[in-house]
Amino acid sequence: MTVTEDRPQMQAEEFERIAAAAEREGVRLEFIHGKLGVKAVPDGDHDEIIRWVMEHCMQQRPDLWLYPERGLKVETYRSGHAKPDGALAPKGSFAGHGEWATADRVVMVVEVTSYDTDTDKRDREEKPRAYAETAIPVYLLIDRDACETLVYSEPDDGAYSMIARRPFGKTISLPAPVGITLDTEPLKDWVR
């Protein structure tokens, strides 16, 4: 028997139908690297972190908007679908799009780790690869478990070639095309 780990569990169109039904029941699904995944429901601290990132984006880059939970088509290989915690793009980028939009105007995606068993594989392994394959210039990961901020940039051949890592409390710069600096001291208040 041949191992078929690369075979998707379903087609993207099937996923979209299942995800729409699940969303009506309050369950959020993603389809990354051909595998169906459940995205944890955010807690209040998670929401505060997204609000904090959004506030910085509005102050430093008023030409861009952080769209929360925007459904994106990711990966060039397998028609993946992800709902990052935030997608930074020029205002009006998703007008006229359905639930799942192409990521061609997205300059940064933001993820905040959840306190669940899948966060390690999902946020630290699968999503960086999927976002890099889609050529999203910057991936900001706010890792509440490790109390650090990671900035992935310079996607090249399906991987990010640069990773900057700073503990909460330090300043971190988000490179072009984002061009925002974050003082991460407040993040200390929103971890367990």
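**Exercise 1.** In this predicted model, decide whether R61 is buried or exposed, and then find the residue whose side chain it meets in a salt bridge.

*Solution.* Begin with the cut-off, which is that a residue is called buried under 20% relative accessible area. R61 has a relative accessibility of 18%, and therefore R61 counts as buried. Next, look for the partner: the side chain of R61 meets that of D63 in a salt bridge, with 2.7 Å from N to O. Finally, consider D63 itself, which at 41% relative accessibility counts as partly exposed.

**Exercise 2.** Work out how far apart E48 and R51 lie in helix α2, and state which residues share a salt-bridge network with them.

*Solution.* Helix α2 covers residues 44-60, and because E48 and R51 are three residues apart in this helix, about one helical turn separates them. The two residues form a salt bridge in which the closest N and O atoms are 2.8 Å apart. E48 is partly exposed, with a relative accessible area of 31%, and R51 is also partly exposed, with 35%. The network of salt bridges links E48 and R51 with E55.

**Exercise 3.** Identify the strands that are joined to β4, and give the direction in which each pair runs.

*Solution.* Take strand β7 (residues 100-102) to begin with: three bridges join it to β4 (residues 71-74), and the two strands run parallel. Within this pairing, L72 stands opposite A101. Then turn to strand β5 (residues 80-82), which three bridges join to β4 in an antiparallel arrangement; here the bridge partner of V74 is G80.

Key: Residues numbered from 1 in each chain as written. Predicted model: local features only at pLDDT ≥ 70, side-chain atom pairs only at ≥ 80, totals over all residues. Heavy atoms only, no water. Pairing = 2+ DSSP bridges. Helix = DSSP H or I, 4+ residues; strand = E, 2+ residues; numbered from the N terminus. Salt bridge = Lys/Arg side-chain N within 4 Å of Asp/Glu carboxyl O. Buried < 20%, exposed > 50% of the residue type's maximum accessible area, 1.4 Å probe, protein only.
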